[in-house]
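Hi,

Here's the structure I said I'd pass on. Could you have it open while you read the notes below?

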Amino acid sequence: MKTLHFHIEGIVQGVGFRPFVYHLAKANHLSGWVKNGSDGVHIEVSGPARRINNFRDMLRISPPGNAVIKARHEKELDHHHHGPFKIITSETSGGKKVLFTPDYGMCDDCEQELNNPADRRYRYPFITCTQCGPRYSIIRDLPYDRPNTTMDWMVMCDRCQDEYDSPENRRHFSQTNSCPDCAVTMKYYERDRIISNQDMIIDYAAGQLLEGKVVAVKGIGGFLLLCDATNEDSVQALRWRKIRPDKPFALMYPRESMIRRDAHITTAERTAIYSPESPIVLLRKRHEQDTGLAADAVAPGLNRIGVMRPYAPLLSLISNAVNRPLVATSANVSGSPIIYENKVALDEPYDIADGILVHNRDIIMAEDDSVVRFTRDGVRIILRRSRGLAPNYLPDVIRNNQSRLAVGASMKGTFALTQSSTTYVSQYLGDQDNYEAEESYHACLSHITNLLDFVPDVIYADMHPKYASTRYALELSRELDIPFELVQHHEAHFAAVLAENKLSESGKPVLGVIWDGTGYGHDGNIWGGEFMMFDGGKIEGFRRMKYFRHIMGDKMVREPRISALSILHESTHAGQLKQFFNDGEWNLYQGLLSKGTLKSSSMGRLFDAAACLLGICEVSTYEGEAPSLLEAEAERFDRKGQWEESPGDHLLDPAYHLLQVLLRKNMGIHVQENAYHFHYGLVRTIVYVARLARVKRIACSGGVFQNGLLVELLQSVPDIEVYLHKELSPNDENISFGQLAHADLRWKEAERNSMRKEATTIT
């Protein structure tokens with residue numbers, strides 16, 4: 001007979017882990033207990049060694065579906081017979097080292113009960129169990145127990161309490177458990193009326209949607225604006241009210257058969273849509289039939305639509321009642337963070353929504369929907385990392401045990417921190433140039449640091465002196481009197497993708513291709529077309545796309561025509577661009593380009609310029625519009641032929657690529673083929689630099705690599721190994737993690753230098 005203590009770390013709270021352990025211990029006739037702690041789950045078992053060994057094996061190989069075991073520690077104790085195995089009160093003292101449980105979409109069991117007239121939770125909009133429902137968005141403190149959530153004030157009815165207490169029930173220790181007898185309650189607000197009848201609200205909201213109205217509904221991470229996606233007038237009204245003229249809207253579908261009517265869906269895409277994380281997935285539109293979807297209004301000019309399932313039971317009931325695809329977009333004016341508080345929702349969105357559906361389960365942490373896409377080969381590219389995917393980071397690859405905070409970049413705000421060798425990367429927190437988004441960033445950081453009792457030993461920030469995140473990091477470092485270090489933007493990108501793929505541990509050289517829109521370079525210019533080498537533990541610059549002039553600040557970012565003019569300014573073909581400007585603009589920009597000093601290697605601007613030359617987009621209304629439309633055109637081309645190389649330093653000149661676009665255009669080559677060959681030429685550029693560097697391992701990061709076609713073409717090249725981000729987005733959301741990873745590289749290098757110095761001294 002023996003007694004063992006197990007300490008399990010990872011995503012092990014709010015996923016039915018304690019009931020799982022209870023049943024496993026009972027099945028093996030072991031005595032003891034299990035409890036939540038602020039650092040994970042603790043278990044003590046007593047019994048025959050053979051049975052404990054079997055318990056250990058099953059704990060390792062078959063944990064609950066949503067659980068992720070990061071580490072398992074065990075210690076043999078003096079034998080003690082505990083009596084019948086039980087779940088005991090959670091421990092709140094000690095260091096906080098638990099991974100947060102994300103918010104999960106409705107599970108199959110709850111969906112069946114929701115739609116079963118014989119079930120007591122039939123059509124109950126807040127049905128949950130240990131495998132689904134809100135977690136991260138409602139937690140106030142650790143460990144994850146009901147008193148530490150925004151449902152702490154709700155008293156369970158006798159039947160729910162019996163379920164909660166019964167080890168044989170699926171809702172044993174389900175912290176969000178409730179039913180119509182102890183319900184989360186709704187209200188529906190219009191300008192001149194309030195509906196409180198719980199049986200009426202959902203059908204009334206559905207009726208309003210069918211009449212073409214816009215309805216704001218409180219979801220898991222915040223309010224969503226819904227409208228009928230088959231009603232073009234309704235979609236355009238939402239665009240006008242939300243100040244979002246062209247940016248695509250996501251769609252919510254009640255059934256898979258309806259998705260298949262409007263879009264092509266692969267196995268990987270279907271798996272993602274119906275996963276517990278339930279992200280928005282970009283699917284290729286069907287063009288061969290009129291399905292009723294107002295596709296051109298939903299996603300103007302694009303050949304993909306963003307599709308998600310109604311992941312919350314409230315959304316499912318509304319979606320099924322309407323029985324049509326619904327636009328589902330965050331309730332805010334474009335550029336501002338998602339609204340998640342009832343008071344704010346009732347004060348603000350009446351200019352956008354005709355009706356507002358609220359409920360009394362408060363949200364602590366706002367989250368947008370995550371967004372992903374897949375290449376034709378099934379490679380996942382995360383476009384936005386939020387609900388369901390954040391804030392944990394697994395697997396943990398940061399080795400330094402210091403408590404460290406990295407504040408990220410600006411356009412795609414995130415922060416990352418490490419504590420006790422555990423890494424957290426926040427959800428997407430918006431453009432930090434927006435005051436409300438900056439406030440949301442600070443609130444999220446404060447919430448997580450308070451949950452973890454986290455105080456950093458050092459802070460990392462981007463080199464850009466005007467980033468709000470950099471200014472905040474400097475202020476915080478002074479307040480806490482701790483070190484403050486700057487990390488170059490593209491080196492952070494490279495360090496992030498190296499760390500995700502554990503390439504820094506291999507000892508082999510890696511070429512980093514870091515392409516994006518903007519980043520502050522060591523020379524004070526705008527970088528964005530960078531080739532870097534990682535070798536011998538260091539990141540160093542290797543090549544760069546040729547500089548061109550950057551003028552007019554953010555106006556150049558918004559107007560692809562200015563990028564085209566700047567890149568071709570010194571070319572004899574620049575005159576062909578005069579059609580895009582009036583005489584006053586032409587003369588002004590020519591003068592600025594002649595005497596401008598700020599330079600750029602931005603690949604984002606090169607994509608903008610190509611889109612302009614092809615007549616696809618001269619002026620953008622949302623970030624990434626021109627590259628997205630350019631990729632959409634290129635994807636429509638029927639690709640043929642095998643890989644061909646065309647080496648030469650001319651490939652590093654953005655003007656060369658634009659002149660090729662002009663040449664093909666003047667030859668009458670169709671826009672789709674022209675756009676495709678533009679992408680193809682950029683892949684040739686990457687391969688050329690890889691040959692120069694004499695490496696076969698290429699790691700890619702930066703917003704340009706959200707482009708699925710570019711990724712597909714690069715991965716089709718023989719004799720090279722392409723490494724991409726896995727759990728993070730290639731865009732600036734990964735910068736905060738990259739700042740930590742970059743510091744880790746420097747720490748390892750300092751450790752190696754210290755060992756070399758020590759070895760030299762001994763010799």
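**Around strand 27**

Let's start with one pair: the bridge partner of Val513 is Cys700, which sits in strand 27. Before going on, please keep in mind that this is a predicted model. The pairing of strand 22 (residues 510–520) with strand 27 is parallel and runs over four bridges. Strand 27 also pairs with strand 28 (residues 721–723), again in the parallel sense, over three bridges. There, Arg697 stands opposite Glu721 of strand 28. To get from strand 27 to strand 28, the chain passes through helix 22 (residues 708–715), and this β-α-β crossover is right-handed.

How much of strand 27 is buried? Five of the five residues in strand 27 (residues 697–701) are, so the strand is largely enclosed by the rest of the structure. In a regular strand, side chains alternate between the two faces of the sheet. Here, both faces are covered: Arg697, Ala699 and Ser701 are buried on one side, and Ile698 and Cys700 on the other.

**Helix 18**

Another covered element is helix 18 (residues 603–613), where 11 of the 11 residues are buried. That list includes charged residues such as Arg605 and Asp608 alongside Leu606, Phe607 and Cys612. At the start of helix 18, Ser602 points a side-chain oxygen to within 3.2 Å of the backbone nitrogen of Gly604. Just after the helix, Gly615 has a positive phi of about 75°.

**Two open sheets**

If you scroll to the N-terminal end, you'll find an open sheet of five strands in the order 4-1-3-2-5, with mixed pairing. Its edges are strand 4 (68–77) and strand 5 (86–87); each has a single partner strand, so one side of each has no neighbour in the sheet. Strand 1 (residues 2–11) and strand 3 (residues 40–47) run antiparallel and are joined by seven bridges. One pair to click on is Thr3 with its bridge partner Ser46 in strand 3. Helix 2 (residues 49–61) lies across strand 1, strand 3 and strand 4, at about 5° to strand 1.

There is also an open sheet of 11 strands, ordered 7-6-14-8-9-13-10-12-11-15-16, and its pairing is mixed too. Strand 7 (193–195) and strand 16 (380–384) are at the edges with a single partner strand each, so each has one side left without a neighbour in the sheet. From one strand to the next, the twist averages 30°.

Within this sheet, strand 11 (residues 280–284) pairs in the parallel sense with strand 15 (residues 371–374) over two bridges. Ile280 is opposite Val371 of strand 15. Which helices lie on the sheet? Helix 5 (residues 198–210) is one of them: it lies across strand 6 (186–190), strand 7, strand 8 (215–218), strand 9 (223–228), strand 13 (326–330) and strand 14 (355–359), running at about 40° to strand 6. Helix 6 (residues 232–242) also packs on the sheet, touching strand 9 and strand 13, and its direction makes about 145° with that of strand 9.

**Salt bridges**

Side chains of opposite charge can pair when their charged atoms come close. The count here comes to 32 salt bridges, and three are worth a look.

- Arg171 and Glu113 meet at 2.6 Å, N to O. This pair links distant parts of the chain, 58 residues apart: Arg171 is in the loop between helix 4 (158–165) and strand 6, while Glu113 is in helix 3 (residues 108–114). Both residues, Arg171 and Glu113, are buried.
- Asp262 and Arg261 meet at 3.5 Å, N to O. Are these two buried or partly exposed? Asp262, at 3% relative accessibility, counts as buried, whereas Arg261 is partly exposed with a relative accessible area of 31%.
- Lys748 and Asp744 meet at 3.6 Å, N to O. They lie in helix 23 (residues 735–762), four residues apart, which is about one turn of the helix. An α-helix has 3.6 residues a turn, so residues three or four places apart point the same way. Lys748 and Asp744 are both buried.

Finally, salt bridges with shared partners join Asp109, Glu113, Arg170 and Arg171 into one network.

Cheers

Note on methods
Residues numbered from 1 in each chain as written. Predicted model: local features only at pLDDT ≥ 70, side-chain atom pairs only at ≥ 80, totals over all residues. Heavy atoms only, no water. Buried < 20%, exposed > 50% of the residue type's maximum accessible area, 1.4 Å probe, protein only. Polar contact = N/O pair within 3.5 Å; in protein donor to acceptor, adjacent residues only side chain to side chain. Pairing = 2+ DSSP bridges. Axes fitted to C-alpha atoms, helices over the stretch in contact; angles between N-to-C directions. Contact = heavy atoms within 4.5 Å. Right-handed = clockwise from strand over helix to strand, strands pointing away. Salt bridge = Lys/Arg side-chain N within 4 Å of Asp/Glu carboxyl O.
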